[in-house]
Amino acid sequence: MSPVSRGFRHFRRRSDEEAGRVPPGQYVTRDFPVLSAGPTPHTPLEDWTFSITQGGEVKKSWSWRETLALPAETVTADVHCVTRWSKLDTQWRGVSVDTLLDQVDHDALYVLAFCDGGYTTNLPIEDVTGGQAWVAYEYDGGPLEPEHGGPARLLVPHLYFWKSAKWARGLDLRDADEPGFWETYGYHMYGDPWREQRYAGD
Ligand SMILES: Nc1nc2c(c(=O)[nH]1)N[C@H]1C(S)=C(S)[C@@H](COP(=O)(O)O)O[C@H]1N2
Ligand SMILES: [Mo]
């Protein structure tokens, strides 16, 4: 077989594989677009904490050093933005949300992630536990860049990427599912890319 058709077969195989990994209405990009609703915050690491809160009370809080000292995981995941780009095989390192919530006694059903800059997003507890969500502080083997949410962001790759809150500073435990920033503006409360839950009513 000629090198040309071998190259073609290789291309076909990869696009077939990608097709099964790309949710409906999405296209694959190799860029890493920046989508931020406001300016990039620059909180000094000595002032940074990640907190689990409930009813206005801090139940547990980790400094930057304490966060780095927690067991870390390397994660490879596909991410899907509601503006229709998907990025395959993104590589992250961070702390599983399980590791954080294991240190807190609670029976909450939802969390509202909160961030420097005021962004929030709501998630069911079921979707941030069971090895599905991380507080990520490395991307592609280096520190997470400020534009992409550094020093640390939430990573919840099985939901649309707006749920992966950048500059995350904590999770507020909730009994009820209350909309966050984009959800208040009509984005879907849950945001499953495979069911195209882009906007309320999808
Ligand atoms: N704090 C904060 N987190 C955020 C956003 C934001 O505006 N502020 N945008 C969300 C949206 S809509 C997307 S698609 C991703 C974009 O992440 P990126 O800029 O690293 O691509 O971050 C999400 N997390
Ligand atoms: Mo987005």
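This briefing describes the largest pocket, the ligand within it and two backbone features of the structure.

The model is predicted. Its largest pocket encloses about 500 Å³ of space, and ligand 1 sits in that pocket. Two further points concern the backbone: a cis peptide bond before Pro151 and a positive phi at Asp89.

**The largest pocket**

- Rolling a probe the size of a water molecule over the atoms reveals where empty space remains.
- A total of 28 residues line the largest pocket, and Leu35, Ser36, Ala37, Tyr119 and Trp182 are the ones nearest its centre.
- Sorted by class, this lining comprises 18 nonpolar, seven polar and three charged residues.

**The shell around ligand 1**

- Ligand 1 is surrounded by 20 residues, with Pro33, Ala37, His148, Arg153 and Lys166 as the closest.
- Of the residues in this shell, 14 are nonpolar, three are polar and three are charged.

**Polar contacts of ligand 1 and its burial**

- Leu35 contributes through its backbone, where an N or O atom lies 2.8 Å from an oxygen atom of ligand 1.
- Ala37 likewise places a polar backbone atom 2.7 Å from an oxygen atom of ligand 1.
- For Arg153 the side chain is involved: one of its N or O atoms is 2.8 Å from an oxygen atom of ligand 1.
- The protein buries 98% of the 530 Å² that ligand 1 exposes when taken alone.

**Backbone geometry**

- Most peptide bonds are trans, and most residues other than glycine have a negative phi.
- The peptide bond from Gly150 to Pro151 is cis, and its omega is near 15°.
- Pro151 belongs to the loop that runs between strand S9 (142–143) and strand S10 (153–155).
- Asp89 is not a glycine, yet its phi is positive, at about 55°.
- Asp89 is located in strand S5, which spans residues 85–96.

Conventions
Residues are numbered from 1 along each chain as its sequence is written. Chains are lettered from A and ligands numbered from 1 in the order in which they are written. This is a predicted model: local features need pLDDT of at least 70, side-chain atom pairs count only at pLDDT 80 or more; totals for chains, interfaces and linings use all residues. Side-chain values use heavy atoms; hydrogens and water are left out. On a 1 Å grid over the protein atoms alone, a cavity is a set of points where a 1.4 Å probe fits but cannot get out, and a pocket is an open set with protein on both sides within 12 Å along at least five of seven lines; lining residues have an atom within 4 Å of a point. Grid points are joined across faces, edges and corners, and a volume is the space filled by probe spheres set on the points. Ala, Val, Leu, Ile, Met, Phe, Trp, Tyr, Cys and Pro count as nonpolar, Asp, Glu, Lys and Arg as charged, and the others, Gly among them, as polar. A residue is near a molecule or strand if one of its heavy atoms lies within 4 Å of it. A polar contact is a pair of N or O atoms within 3.5 Å; within protein, one must be able to donate a hydrogen and the other to accept it, and residues adjacent in sequence count only if both atoms are side-chain atoms. Accessible areas come from the Shrake-Rupley method with a 1.4 Å probe; for residues, only the protein chains shown count as cover. A molecule sits in a cavity or pocket if more than half of its atoms lie within 2 Å of its grid points. Helices (H or I, at least four residues) and strands (E, at least two) are DSSP runs, numbered from the N terminus.
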